[in-house]
Protein chains: 2
Amino acid sequence: MTERVVFFLSDQTGVTAETLGHSLITQYSGQKFRQVTLPFIDTVDKAREAVATINEACAAGKPRPIVFSTLVQPDLRAIVRDSDGLHLDIFDEFLEPLTAELGEEPVLELGLSHGMSDIDAYMRRIEATNFALANDDGGVSRNYDKADVILIGVSRSGKTPTCLYLALQYGVYAANFPLTDEELENGALPGFLLHQTKKLYGLTIAPDRLVEIRKERRPIGRYSSAQQVRYELREADKIFRRYGIPHVNTTSFSIEEISSRILDSTGVERRVRP
Amino acid sequence: MTERVVFFLSDQTGVTAETLGHSLITQYSGQKFRQVTLPFIDTVDKAREAVATINEACAAGKPRPIVFSTLVQPDLRAIVRDSDGLHLDIFDEFLEPLTAELGEEPVLELGLSHGMSDIDAYMRRIEATNFALANDDGGVSRNYDKADVILIGVSRSGKTPTCLYLALQYGVYAANFPLTDEELENGALPGFLLHQTKKLYGLTIAPDRLVEIRKERRPIGRYSSAQQVRYELREADKIFRRYGIPHVNTTSFSIEEISSRILDSTGVERRVRP
């Protein structure tokens, strides 16, 4: 199958163009796409370079590239609009109805979605990340009073990456506590968690998947055996039910989805918006 | 100023609607917005609930809410389109030109942008995150051969959150090494980094900003004094120049921007696309 190039053009990082474009192109299952991000297009020269890059991808016999553009400045948008690719521009499509509704002309300046007000946001995200690191895997600090949410689950159920994502993306204070042999054998949480049960949120996962993940870490031995994994997940589930802890099965979810479901289910507020 | 509510509707996490909408509404500086994400709208009942929520926000005297929708399924889109808010729908705007160009009807199924092929992506992101954690702050493992990039800079210049973001978002293997008194006094990198200089990327930051950040951690003492901070940044800069290490000043950048600039400048490939 001939590969079609998809460009994401941005005067900033390209994340908006990437997420928008990705959610659209994945709806076309019969295509093969190659994705290329062209970030930081913030001068006339860089806009012309981007057009040259797109036009090169239009060489004879190749399918026309698709271009998702989130450039803000009108002069740069005018330049890239003239490439040979199929140009899809979020500012073209949405600024007009927004301007009519708000009764105000847009500023059309780049960098506004990461303005100086974001210094606070930066600090909050850094602090939340440090909190997640200090309170990872039942770490020494156990500063659970400050936590917005405390994730619990067996080893490799996804606690650490989810906590870090919640911190980095949303500035949420997420701690985590691993369910180890001690809790699983006793079917009980340790005393210091008992007055925090309202903050607890459980992660579970299909046994086969967890075996696969653990084998990446330790290919042989009890830790990654199907029997051990099934035992741990069963006992963890009993603990979730005993204490009425909401939980999510992460088997087919991405880290973003797990994080969003936790916020949605717990009602924990985003402290920062990306 | 009257606050206007902006809704982000999604059958998934809402991240696409949030990033799209945020980049647009920040162009209108004369408005006050309150942002509300309504994720996981994947049934007729949930779509009707969302409409009720939007219509409540339309009560007498309040400005009409703005609705950014990324719902995929046509029946659900039809329901939410009838809310009293200003409806901006990325699928309405972009599916038609894409379908014409690709000569293929869209699948219109939800969850495709996080399909089962993403199990690989999940594993890679988790592995990259574990790598970042194990190789944080010159950590014991020093598995620099496997690193795509090694960030260096003084304490609190943003190395750890940037490494974690690169791992979680892009599956990139990012290690980091702190420039401490030893390196700063000698003006030299340790021996084990010398055959890795091509992977090195420096982070620097304005002295005032770094003082502010360090004071959050330790309000008094040498660590957060202006004199010490200026000295460290000056010596770090000398090291960057001595070894020809590319670097970025992170003062007015978000973690996403720092990460994107590093990928753009080094040419390190994203191993995963969000």
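These are my notebook entries on a predicted model with chains A and B, taken one topic at a time.

**Entry 1: the two copies**

I began by asking how chain B sits relative to chain A. A rotation of 180° with 0.0 Å of shift along its axis lays chain B on chain A, with an RMSD of 0.1 Å. I noted this as the relation of a two-fold axis.

**Entry 2: where the copies meet**

Next I looked up the contact and found 63 residues from chain B and 63 residues from chain A in it. On the chain B side, the elements that each supply at least two residues include helix 1 (15-25), strand 4 (86-89), helix 5 (118-134) and helix 10 (255-266). Which helix of chain B gives the most to this side? Helix 1 of chain B does, with eight residues. Sorted by class, the side of chain B that touches chain A holds 30 nonpolar, 21 polar and twelve charged residues.

I also checked how the two sides correspond. The copies meet through the same surface, because 100% of the interface residues of chain B are also interface residues in chain A.

**Entry 3: Cys163(A)**

Then I picked one residue to follow. Cys163(A) lies in helix 6 of chain A, which spans residues 159-170. Is Cys163(A) buried or exposed? I found 29 other C-beta atoms within 10 Å of Cys163(A), and 20 or more count as buried, so Cys163(A) is buried.

Leaving aside residues up to four places away in sequence, I listed what Cys163(A) touches: Ala132(A), Asp136(A), Leu151(A), Ala174(A), Ala175(A) and Asn176(A). I also looked at Ser259(A), which is 96 residues from Cys163(A) in sequence, while their C-alpha atoms are 8.1 Å apart in space.

**Entry 4: helix 6 and helix 10 of chain B**

Moving to chain B, I looked at how helix 6 packs with helix 10: the angle is about 75° and the axes are 9 Å apart. That makes helix 6 of chain B roughly perpendicular to helix 10 of chain B. From helix 6 of chain B, I saw Pro161(B), Thr162(B), Tyr165(B), Leu166(B) and Gln169(B) meeting Ile255(B), Ile258(B) and Ser259(B) of helix 10. The residues of this contact are five nonpolar, three polar and no charged.

**Entry 5: helix 8 and helix 9 of chain B**

My last stop was helix 8 of chain B with helix 9 (residues 226-243) of chain B, whose axes come within 9 Å and cross at roughly 120°. I put helix 8 of chain B down as oblique to helix 9 of chain B, and their crossing as right-handed. Pro207(B), Leu210(B), Val211(B) and Arg214(B) of helix 8 meet Ala226(B), Val229(B), Arg230(B) and Leu233(B) of helix 9. By class, I have six nonpolar, no polar and two charged residues in this contact.

Technical notes
Residues are numbered from 1 along each chain as its sequence is written. Chains are lettered from A and ligands numbered from 1 in the order in which they are written. This is a predicted model: local features need pLDDT of at least 70, side-chain atom pairs count only at pLDDT 80 or more; totals for chains, interfaces and linings use all residues. Helices (H or I, at least four residues) and strands (E, at least two) are DSSP runs, numbered from the N terminus. A residue is buried if 20 or more other C-beta atoms lie within 10 Å of its own, exposed if 12 or fewer, and partly exposed in between; C-beta atoms are placed from the backbone. Two residues are in contact if their C-beta atoms, placed from the backbone, lie within 7 Å. Copies are superposed by least squares on the C-alpha atoms of residues with pLDDT of at least 70 in both. Ala, Val, Leu, Ile, Met, Phe, Trp, Tyr, Cys and Pro count as nonpolar, Asp, Glu, Lys and Arg as charged, and the others, Gly among them, as polar. Axes are lines fitted to C-alpha atoms, for helices over the stretch in contact, and angles run from 0 to 180 degrees between N-to-C directions. Angles under 35 degrees count as roughly parallel, over 145 as roughly antiparallel, 65 to 115 as roughly perpendicular and the rest as oblique. A crossing is left-handed if the near helix is turned anticlockwise from the far one by less than a right angle, and right-handed if clockwise.
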